[in-house]
Amino acid sequence: MQDRKDATHEIRSRVEESRPQLHTIVSAINRQIFLLVNIFRWFSVTMGTGIVSLLLHNLPYNGTWLYWISVVIFALNVLLFITGSIISILRYTLYPEIFLAMIKHPVQSMFIGTFPMGLATIINMFCLVCVPAWGEWARYLAWGLWIFDAVVSVMTALSLPFIL
């Protein structure tokens, strides 16, 4: 029986030693606030919202009401993305040590790809709705956003496996 307790204690101590540095940094800050603004997880919400707006816009049963619902959901998606970006910039500016710890975390770092994917849904809907309505300058803006998104996507895809 004593051997079993010793083995359990040894396993627990190994788990405690192997926890990433992120947990120690987060405990210094407020854990509830960290969980609330764990921002890269929130970019997955923009991915889903963007896909919904794209699907509603491209349904074969195009009614005017579907178009306007897709535009409203697109506006909500842009609002969510901008809010998440602002909170993310503030978070990593105020607590720069969290960024490196988050990059090295095996689960948290997997959400980094949600940023360019969420932006891609916004760019697609921007091309479908805003470019025809706003003209030539919107086309160049969409092109610039697409180039930025492609660069961030490639950087994420190529760097993340080597960081972990």
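This passage describes the fold, the nonpolar core, a helix contact and the aromatic pairs of a predicted model.

The chain contains 8 helices and 0 strands, and its elements accordingly run α-α-α-α-α-α-α-α from the N terminus. Of its 164 residues, 34% are buried. The mean pLDDT of the chain is 81, with 76% of the residues scoring at least 70. Confidence varies among the elements: helix H3 (residues 31–36) has the lowest value, a mean of 50, whereas H7 has the highest, at 94.

The largest nonpolar core comprises 24 residues, among which Phe-40, Phe-74, Phe-81, Met-102, Ile-112, Phe-115 and Phe-126 touch the most other members. Two or more residues are given to this core by each of H4, helix H5 (64–94), helix H6 (96–104), H7 and H8. The largest share, 9 residues, is supplied by H7, the helix in which confidence is also highest. In soluble globular proteins, nonpolar side chains tend to be buried together.

Helix H7 also packs against helix H8 (residues 136–163), the two axes coming within 9 Å and crossing at roughly 170°. Because angles over 145 degrees count as roughly antiparallel, H7 is roughly antiparallel to H8. By class, the residues of this contact comprise 18 nonpolar, 2 polar and 3 charged.

Aromatic pairs number 6 in the structure. A pair of aromatic rings is described by the distance of the centres and the angle of the planes. For Phe-43 and Phe-115, the ring centres are 5.1 Å apart and the planes lie at 85°, so this pair is edge-to-face; the cut-off for that class is an angle over 60 degrees. Phe-43 belongs to helix H4 (residues 39–57) and Phe-115 to helix H7 (residues 114–134), so the pair ties together parts of the chain that are 72 residues apart in sequence.

Both partners fall under the 20% limit that defines burial. Phe-43 has a relative accessible area of 1% and is therefore buried; Phe-115, at 18%, is buried as well. The pair is part of a wider arrangement, in which ring pairs link Phe-43, Phe-81 and Phe-115 into a cluster. Of the cluster members, Phe-81 and Phe-115 are also among the residues that touch the most other members of the largest nonpolar core. Phe-115 thus figures in the edge-to-face pair with Phe-43, in the aromatic cluster and in the largest nonpolar core.

Definitions and conventions
Residues are numbered from 1 along each chain as its sequence is written. This is a predicted model: local features need pLDDT of at least 70, side-chain atom pairs count only at pLDDT 80 or more; totals for chains, interfaces and linings use all residues. Side-chain values use heavy atoms; hydrogens and water are left out. Rings of Phe, Tyr and Trp (its six-membered ring) pair if their centres lie within 6.5 Å; planes under 30 degrees apart count as stacked, over 60 as edge-to-face and the rest as tilted. Helices (H or I, at least four residues) and strands (E, at least two) are DSSP runs, numbered from the N terminus. Buried means under 20% relative accessible area, exposed over 50%, partly exposed in between (1.4 Å probe, protein chains only). Axes are lines fitted to C-alpha atoms, for helices over the stretch in contact, and angles run from 0 to 180 degrees between N-to-C directions. Angles under 35 degrees count as roughly parallel, over 145 as roughly antiparallel, 65 to 115 as roughly perpendicular and the rest as oblique. Ala, Val, Leu, Ile, Met, Phe, Trp, Tyr, Cys and Pro count as nonpolar, Asp, Glu, Lys and Arg as charged, and the others, Gly among them, as polar. pLDDT is the predictor's confidence in each residue, from 0 to 100. A nonpolar core is a set of buried Ala, Val, Leu, Ile, Met, Phe, Trp, Tyr and Cys residues joined through side-chain atoms within 4.5 Å.
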